Amino acid sequence: LAGLQKASSLFKTSPTDGRKRVLIVVADGPLDDKDKYQTAMAELAGMQVQIFGVTVRPFTAQSPSDLTADADMQAIVSTPKAGHFVSIEIDSLRGSLDGICDPNAQWGGRASYPRVLH
């Protein structure tokens with residue numbers, strides 16, 4: 001919860017000069033205080049912040065805790081959920097985030113503006 005509140009306060013003071021606002025939440029287990037997220041989530045939505053979520057697990061097989069973490073994260077990411085959420089093994093984390101600024105990648109298409117060639 002503290003992280004979402006901090007992000008909200010940072011976005012309140014950041015420039016609004018046409019930049020997209022993106023928040024990436026990374027968790028390695030179920031989220032704490034998820035019943036208290038609504039206020040921070042409403043503030044972020046009001047500032048048009050797109051929230052992406054990554055749950056990281058140690059193995060390919062998902063444990064009950066991993067499944068809970070996935071459900072928690074899907075509850076806070078922007079819509080469409082499939083375009084803003086990924087659950088991955090720790091060894092795959094870097095490869096999944098490499099394209100965050102590439103408009104042709106899964107997340108980059110949502111997080112970056114297409115480049116206009118003059």
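In this predicted model, Ala2, Lys6, Lys12 and Thr13 of helix H1 are exposed. They lie on the other side of the helix from Leu4, Ala7, Ser8 and Phe11, which are buried. Seen down the axis of H1, the buried residues fall within an arc of 100°, so they line one face of the helix. Helix H1 itself comprises 12 residues, from 2 to 13, and spans 17 Å from its first C-alpha to its last, close to the 16 Å expected at 1.5 Å a residue.

The buried residues of H1 pack against strand S1 (21–27), helix H2 (38–46) and strand S2 (49–57). One residue that meets this face is Leu44, whose contacts include Leu4, Ala7, Ser8 and Phe11. Leu44 also touches Leu23, Val49 and Ile51, with residues up to four places away in sequence not counted.

The largest nonpolar core has 18 residues, among which Leu4, Leu23, Leu44 and Met73 touch the most other members. Two or more residues of this core come from each of H1, S1, H2, S2 and helix H3 (64–76). In soluble globular proteins, nonpolar side chains tend to be buried together.

Three strands form an open sheet in the order S1-S2-S3, with parallel pairing. Strands S1 and S3 (85–89) stand at the edges with a single partner strand each, so one side of each is left without a neighbour in the sheet. From one strand to the next, the twist averages 20°. Strands S1 and S2 run parallel and are joined by seven bridges, including the two pairs tabulated here.

| Residue | Bridge partner in S2 |
|---|---|
| Val22 | Gln50 |
| Ile24 | Phe52 |

Helix H1 packs on the sheet, where it touches S1 and S2. The direction of H1 makes about 165° with that of S1.

Strand S2 is mostly covered, with nine of its nine residues buried. In a regular strand the side chains alternate between the two faces of the sheet. Both faces of S2 are covered. One side carries Val49, Ile51, Gly53, Thr55 and Arg57, and the other carries Gln50, Phe52, Val54 and Val56, all of them buried. Of the first group, Val49 and Ile51 are in contact with Leu44. In the second group, Gln50 and Phe52 are the bridge partners of Val22 and Ile24, respectively.

Definitions and conventions: Residues numbered from 1 in each chain as written. Predicted model: local features only at pLDDT ≥ 70, side-chain atom pairs only at ≥ 80, totals over all residues. Heavy atoms only, no water. Helix = DSSP H or I, 4+ residues; strand = E, 2+ residues; numbered from the N terminus. Expected span 1.5 Å × (residues − 1). Buried < 20%, exposed > 50% of the residue type's maximum accessible area, 1.4 Å probe, protein only. Arc of directions from axis to C-beta. Contact = heavy atoms within 4.5 Å. Core = buried A, V, L, I, M, F, W, Y, C linked by side-chain atoms within 4.5 Å. Pairing = 2+ DSSP bridges. Axes fitted to C-alpha atoms, helices over the stretch in contact; angles between N-to-C directions.
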